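Dear colleague,

Please find the structure below, handed over for your study. A short account of what was found in it follows.

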Amino acid sequence: MNTLSAVSRPELEPTIFDLSASGRRATAQAPALANCTVPANLRRRVRPRLPEVSELQALRHYTRLSRLNFSIDTNFYPLGSCTMKYNPRGCNQYAMLPEFLGHHPYAHASLSQGFLESLFELQEMLCDVTGMKAVSLTPMAGAQGEFAGVAMIRAFHRQRGDFHRDEIIVTQAAHGTNPATASMCGFKVVEVPCDATGDCDIEALKRVAGPRTAGIMLTNPSTLGVFERHIAEIRSIVHGVGGLLYYDGANLNAILGIVRPGDMGFDVIHMNLHKTFATPHGGGGPGSGAVGVAERLAPFLPIPVVAKSAEGYRFLDERDCPLSIGRLSGFMGNAGVLLRAYIYIRMIGREGLRRVGEFATLNANYLMARLQQAGFQVAFPARRATHEFIVTLKAESRDLGVTATDVAKRLLDFGYHAPTTYFPLLVPECLLIEPTETESRETLDGFAVTLEAILNEAREDVSRLKEAPYTLPVRRLDDVRAAKQLELVWRPDP
Amino acid sequence: MSTTIPAELRYTSSHEWARENLDGTLTIGITEHAQRALGDIVFVDLPVAGRHMAAGEACVVVESVKAASDVYCPVAGVILEGNPGLSAAPELVNSDPYGEGWLFRVQPSAPSDWGGLLTAQSYAELLSTSGD
Amino acid sequence: MPFIPHTVEDVRSMLSIIGVSSIDDLFDEVPKALRASFLDNIPPALSEMEIGRIMSDRAARDGHVLNFIGAGAYEHHIPAAVWAIVTRGEIYTAYTPYQAEASQGTLQTIFEYQTMLASLTGMEVANASLYDGASALAEACLMSVRANKKLHQSRILLPKAVHPQYRRCTQGICELQKITFETIDFDPLSGRTSWSAFSSAESAGLTAVVIQQPNFFGIYEDVDALTDWAHQHGALVIAVVNPTSLAVLRPPGDWGAKGADIVIGEGQPLGVPLSGGGPYFGFMTTRMEHVRQMPGRIVGKTVDLEGRPGYALTLQAREQHIRRGKATSNICTNQGLLMSAATIYLSIVGAEGLERVANASMAKTQMLMDRLSAVPGIHFPLDGARFHEVVMSVPVPPERLLEQLANRGIAGGYDLTHDYPELGYCLLVCATETKTDLDINRYVAAVTDVLNSLQAAGA
């Protein structure tokens, strides 16, 4: 028996339903009794199963649950492709001023000039950062931004009477959302491979690009953690056949202030404000997937967008933008997230934007060098890291039987969130590592030393990794059981 | 790793097997090699009976925890039934891929199509040259 | 340097370990011609104090508004504990719970949320949230096409009494997948979806019907008859509901003989502030038979290798990171933080608290109607029974009334003339439990005053 498994672990927390007692409630939080005027035939007969707890019980329960999580505020999170940088608290505080929180989305524009002014300025600043001509802030996450972008590409071609373009090209290394989005917009997905150095295979691209090409979706730097050096050639091939270039902004942090997607020739882009512009991930959202476009696509932007006139700021709608691809949400996207991004950009300013790209790249290249010194193999050793890089455990997997999952799980024991594993799918047993600019040198050193120690542990006794983690609230979970014996809601013990 | 490839069945390069039944229908499943590559199977999305399939058209999705793979109909024809036993016990595809773990039965449009599929020997050669 | 911890010495030694002489050298693979010039339109950096002052001034300019708008986003009391908890760093700054062992807090919260929403809607299973109510309806329509897979064409009935922005958003997203929508009119007297229009719709090859309860006008639909008709014709029923109303209304799982098949709605009323339109969250629940067609993340309970209970994301093979071009949806990031807020809200208010909120809101809207009835020129044209919202007919163009009310710090209602010109000059107004007697009197007095002055000016 491994001594590690005897380590003490945090207590599990019962469910809120286990804490309930019939008839208990938080009396201060409900209004006085009023008669129910619902007609008898429509009235609910059985009360829903909601918890019956005191306010303190609820508060304590969810506070305890929160302590079972890793988070940026408590742990280093080198999660490739996710840009887990510090989320400044000031952004939260000033986006949550009571006047902003109490503002109804359909209130008259004269009641929201301060709010609209902030959104308008954010649109303008994002245009400048990306080199695009116009921006819409409405998409609520990266995937919705992608949807908007591809829908605009479709609308652009159709507006010109070009109905035959039914293919979207994606690279083999693309995020899964790219092909999923293209399908959702009714396009056929055509994949092109990457070459051995991580760049797009230009010859393969030439073979598939043609009169059916509506556009190409690209991430640059690519998901392989390298800058796509053939970007100018890709642009001329795709534009040459009449297609458009879509920029997936997942990796924008790497080139902030260094290269602008508009200058690279992209026609439409989405940004992940919850990555690049430091808004929180919230345990899985809300995000924001603002989209930017070149001049010729501006009429198709999703609504509402904010416009400025002599009378002040207001939302443009269907009546102002007849060619718009329409609405993606009932109201105004994730407005509160937009305020946070706005405050962040104002706080770092024009010099700070450039420093983001520079120090994100410095940290990634430094950590890559440290790990190479420690004996780790990187996927593209001849290339510069961008804001992230890939370590491959192919050799360790062959020689020691250790997998990327094993290393990821063991890292958790040392208080580090795992890097992204098994993405991109092209590199076997990979760890995609993105330190971000907000981490100190000491943190990176500590992480490198720990990864090296884990590799040594694997050499001594690989079984110690196989059963990790040991110190978290739960050990490795049975995914197969979770998928086969579906238990998706709480039920009382029989 | 050695793998079983029954001689009486025919195969495809996408790792389906086909058995010719006495009534001229075909029973289709995935090979032992394929089930091993997929890992623990947790769900099989079976085709609706009566559906017309082209040869090579995707008609079943086999899901493991971390992957979902299409299974293609090896010949053109009409789906007769999906294996009803798999809804309760998808793991049969792992434990008995050539027996209880069959996926569906199809009435081929052309009876000769079965003969055009790979023989056990050709499939074995394919596996040895593909290196995985 | 804001939020960058490096000292000059750090940078020097890090560059030397990398083996380059400057940070700029790290960008030597970027073609020189592409390097960005100065970002002219971005102002220089401000301190937190400075931007804090700017934001506070802007917020003060927008002011504290007395709000009588609903139309899909509702002002309810939010217990202080809700946002005190969700803005804790361990929730606010956590990532999506892909590393289950390091995310048990988030995962268990989702599991509890799924339980509450399934029970509230009378269904069996919920996902971990979608973006908002409108986009959730689009996802539900796409899901109905997958779940009703016997059909070759995809046709959905979408009543006109469904929220107009939900209809626009859904049609925009779904038309790219060749789904056609047919509009069903409402009865101009009651405000209910017209039974004769509904039951005479072409029923062959129908994928699904959408039923909103209460509908956009706040009126109760005859959900049993509509549900049974849809099921008799082989169509699925997509229910659009207000979660607060479900404390007192029969849940979609109990509609008609068999119940609705997919339930969606806007989760904002459950502990999420109005915030100018977002972030909110969409919820979706369904029956187990359709769970694999449901988009978005789902959490399941399982055990660890010592047999201790734990929670993990499950059924991931439906999702984009595995299925890529064949995924059920491209959704990835969702609205986790708001889902957490709703879970805590529902835990604190409980079933009885939610019932009180619903009943008090209905009572306040009734009070508002009673007092407005005395104002000359105002009447309420739709006579169907209603929840906490009402269509109000006014004698002047609503835009002019709303502008004048805004000048008095009142958000006076939703102008219906653009979406429903057939109603004439109408507004949709709402009073929730947050409105006091004095608030209602202030609104009635302001409306009276504005109408008098507008009519005097017009006369």
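**Contacts between chains**

Chain C and chain B each give 5 residues to the contact between them, where two residues are in contact if their C-beta atoms, placed from the backbone, lie within 7 Å. On the side of chain C that touches chain B, 2 residues are nonpolar, none is polar and 3 are charged. Here Ala, Val, Leu, Ile, Met, Phe, Trp, Tyr, Cys and Pro count as nonpolar, Asp, Glu, Lys and Arg as charged, and the others, Gly among them, as polar.

Please note that this is a predicted model, in which local features need pLDDT of at least 70 and side-chain atom pairs count only at pLDDT 80 or more, while totals for chains, interfaces and linings use all residues. Residues are numbered from 1 along each chain as its sequence is written, and chains are lettered from A and ligands numbered from 1 in the order in which they are written.

Between chain A and chain C, 174 residues of chain A are in contact with 160 residues of chain C. The side of chain A that touches chain C receives the most from H11(A), namely 22 residues. That side holds 87 nonpolar, 49 polar and 38 charged residues.

**A pair of helices**

Helix H1 (residues 55-66) of chain A packs against helix H5 (residues 104-121) of chain C at an angle of about 135°, and their axes are 7 Å apart. H1(A) is therefore oblique to H5(C), as angles under 35 degrees count as roughly parallel, over 145 as roughly antiparallel, 65 to 115 as roughly perpendicular and the rest as oblique. Axes are lines fitted to C-alpha atoms, for helices over the stretch in contact, and angles run from 0 to 180 degrees between N-to-C directions. Helices (H or I, at least four residues) and strands (E, at least two) are DSSP runs, numbered from the N terminus. A:Tyr62, A:Leu65 and A:Ser66 of H1(A) meet C:Gly105, C:Gln108 and C:Thr109 of H5(C).

**Chain C and the core**

Chain C contains 13 helices and 14 strands. Of its 459 residues, 62% count as buried (20 or more other C-beta atoms within 10 Å of the residue's own, with C-beta atoms placed from the backbone).

The largest nonpolar core (a set of buried Ala, Val, Leu, Ile, Met, Phe, Trp, Tyr and Cys residues joined through C-beta atoms within 7 Å) has 355 residues, of which A:Tyr246, C:Val210 and C:Ile238 touch the most other members. Helix H11 (residues 335-373) of chain A supplies the largest share of this core, 22 residues.

Yours sincerely

Terms used: Buried ≥ 20, exposed ≤ 12 C-beta atoms within 10 Å, placed from the backbone.
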